[in-house]
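Student: I would like to learn how to read the features of a protein model, taking them one at a time. Could you give me the general idea each time and then the case in front of us?

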Amino acid sequence: CQVARPERRRTLACLIAEATAANPRIARGLARSYGDPAVSDQGIVVDTTRLDRYIGFDESTGLLTCEAGTSLAAILRDFAPRGFLPMITPGTKYVTVGGCIANDVHGKNHHVRGTFGRHVRSFGLLRHGQPEMTCSPSVNASLFSASIGGLGLTGIIHWAQLQLMPIRASQIDTTTVRFANLAEFFALSAELDDHHEYSVAWIDCLAKGADTGRGVFIVGDHAQYGSLEVGQRKKLSVPLTPPVSLINKLSLSAFNNLYWRVHPSQRTRGRSAYEPFFYPLDRILHWNRIYGRRGFQQYQCVIPTENAEAAMGELLRAIADAGQGSFLAVLKRCGDVRSPGLLSFPMPGTSLALDFPQSEHLQDVVFPRLDDIVRAAGGRLYPAKDAHMSGADFRQAYPAWERLEALRDPSLMSRFWSRVLS
């Protein structure tokens, strides 16, 4: 892609003013969307990471106003010691505020607080041929709704006001227990989720038979006492990219067996710093290199509540039969807290996310099988993580796409949007 990296709002405005339908723009943050929502093969990708300044903060209300290129890592670094965290955080802190809005990200507390977009009070939007506008639930409300989860297509967000969460300590009090199968996961989720701020499970994606869906269940809450200091963990790094993926059936089976067995069989309380609790992979720099030169694709779906247990069983059996998957396979229940966004991914149900080493077999056999299961169960895939979804599946799963298309800035286009609308 051709990339522009503006440092000032006026430069960003010029980039949009010069755009055309034949030479469009699309904004990009810290490049953690594993698919192509922030990729263009027609025009210019606007890297927003230099637009990362704080504009204002109200200590009494926890309202933070910042430029859209500000990362969650910076907000955590600067505001956790002052007693505030983002209301919603995905599985990495290396994402921008603008990216969090455009993809309406969710986290381990979706069942309690919904998506990122619910905690955005307002933002500034730049559109081709129009004056700069402010969007909120009461001002330019249709664009506010369309931009949350709108994949950067309604305009380029250049500042946002967010509600932060007050905390008394930077630690998380946890309860951890391993479970033997998928039925036990759903029983634990039904019992514990509503009593805790955070809930998530790791799944052994290779387990078969009676062990299908076995894993480790973790719930957590902000500690009511302790320090606000944020300890610095030593980073690890994958120094090079091997010629082939290090993730294979043998390495995955050995890791999964060990990981499951080292966790307690009885509910065990503990305390964790927030970084390892929220961002286990952020400690390993360049972790994607372990998938080799061909890389990986992530598959993340959500299945509605009434079909979740049966469909998740089918998905996990299909994945185990393929002998592929990732060390970090995540299963969690999504709640019924409604998002203000038109194309928000979560729905009341259960979400599964895991990575696969890239291969022809994955593309031609594994993903089509998984897609069939998701489609039949009334589920959908996550556009932020997608690199293969068919246009028909996208349009069926996200019927509000036509409303977004009607509000799309004609000078903005991504490879994802041209792919799913073709």
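Tutor: Let us begin with pairing: two strands count as paired if DSSP finds at least two bridges between them. Please keep in mind throughout that this is a predicted model. In this model, strand S16 (residues 296–304) and S18 run antiparallel and are joined by 9 bridges, and one of the partnerships places Phe296 opposite Pro357 in S18.

Student: In what order do the strands of the sheet that holds S16 and S18 follow one another?

Tutor: Strands of a sheet pair through backbone hydrogen bonds, either parallel or antiparallel. Here 8 strands make an open, antiparallel sheet, and their order is S14-S10-S12-S11-S17-S18-S16-S19. Strand S14 (268–273) and strand S19 (380–381) are at the edges with a single partner strand each, so one side of each has no neighbour in the sheet.

Student: How many bridges join S17 to strand S18, and how many join strand S11 to S17?

Tutor: Between S17 and strand S18 (residues 349–357), which run antiparallel, there are 5 bridges, and Lys332 has Ser351 in S18 as its bridge partner. Strand S11 (residues 198–203) and strand S17 (residues 330–334) are also antiparallel, with 2 bridges between them, and there Trp202 is partnered by Val330 in S17.

Student: Which strands form the parallel sheet?

Tutor: That open sheet has 3 strands in the order S1-S3-S2, paired in the parallel sense. Its edge strands are strand S1 (2–4) and strand S2 (25–28), each of which pairs on one side only, and neighbouring strands are turned against each other by 35° on average, direction ignored. S1 is linked to strand S3 (residues 44–47) by 3 bridges, among them one in which Gln2 has Ile44 as its partner in S3.

Student: How should I read a helix, and which residues of H10 are buried?

Tutor: An α-helix has 3.6 residues a turn, so residues three or four places apart point the same way. In H10, the buried residues are Leu362, Val366, Phe367, Leu370, Asp371, Ile373 and Val374. The elements that cover them include S16, helix H9 (308–322), S18, S19 and helix H11 (391–397). As for its course, H10 has 17 residues and spans 24 Å from its first C-alpha to its last, which is close to the 24 Å expected at 1.5 Å a residue. At Val366, however, H10 bends by about 35°, with a proline, Pro368, following within four residues. Just after H10 comes Gly378, whose phi is positive, at about 75°.

Student: What makes two aromatic rings a pair, and how many aromatic pairs does the structure hold?

Tutor: Rings pair if their centres lie within 6.5 Å, and the structure holds 24 such pairs. In one of them, Phe179 and Phe185 are tilted, with 5.9 Å from centre to centre and 45° between the planes. Phe185 also forms a tilted pair with Phe217, at 5.9 Å and with 55° between the planes. This second pair links distant parts of the chain, since Phe185 lies in helix H6 (residues 182–192) and Phe217 in strand S12 (residues 215–222), 32 residues apart.

Student: Why does Phe217 count as buried?

Tutor: The cut-off for buried is under 20% relative accessible area. Phe217 counts as buried because its relative accessibility is 1%. Phe185 is buried as well, with a relative accessible area of 1%.

Notes:
Residues numbered from 1 in each chain as written. Predicted model: local features only at pLDDT ≥ 70, side-chain atom pairs only at ≥ 80, totals over all residues. Heavy atoms only, no water. Axes fitted to C-alpha atoms, helices over the stretch in contact; angles between N-to-C directions. Expected span 1.5 Å × (residues − 1). Bend = angle between axes of the 7 residues up to and from the residue. Buried < 20%, exposed > 50% of the residue type's maximum accessible area, 1.4 Å probe, protein only. Contact = heavy atoms within 4.5 Å. Phe/Tyr/Trp six-rings, centres within 6.5 Å; stacked < 30°, edge-to-face > 60°.
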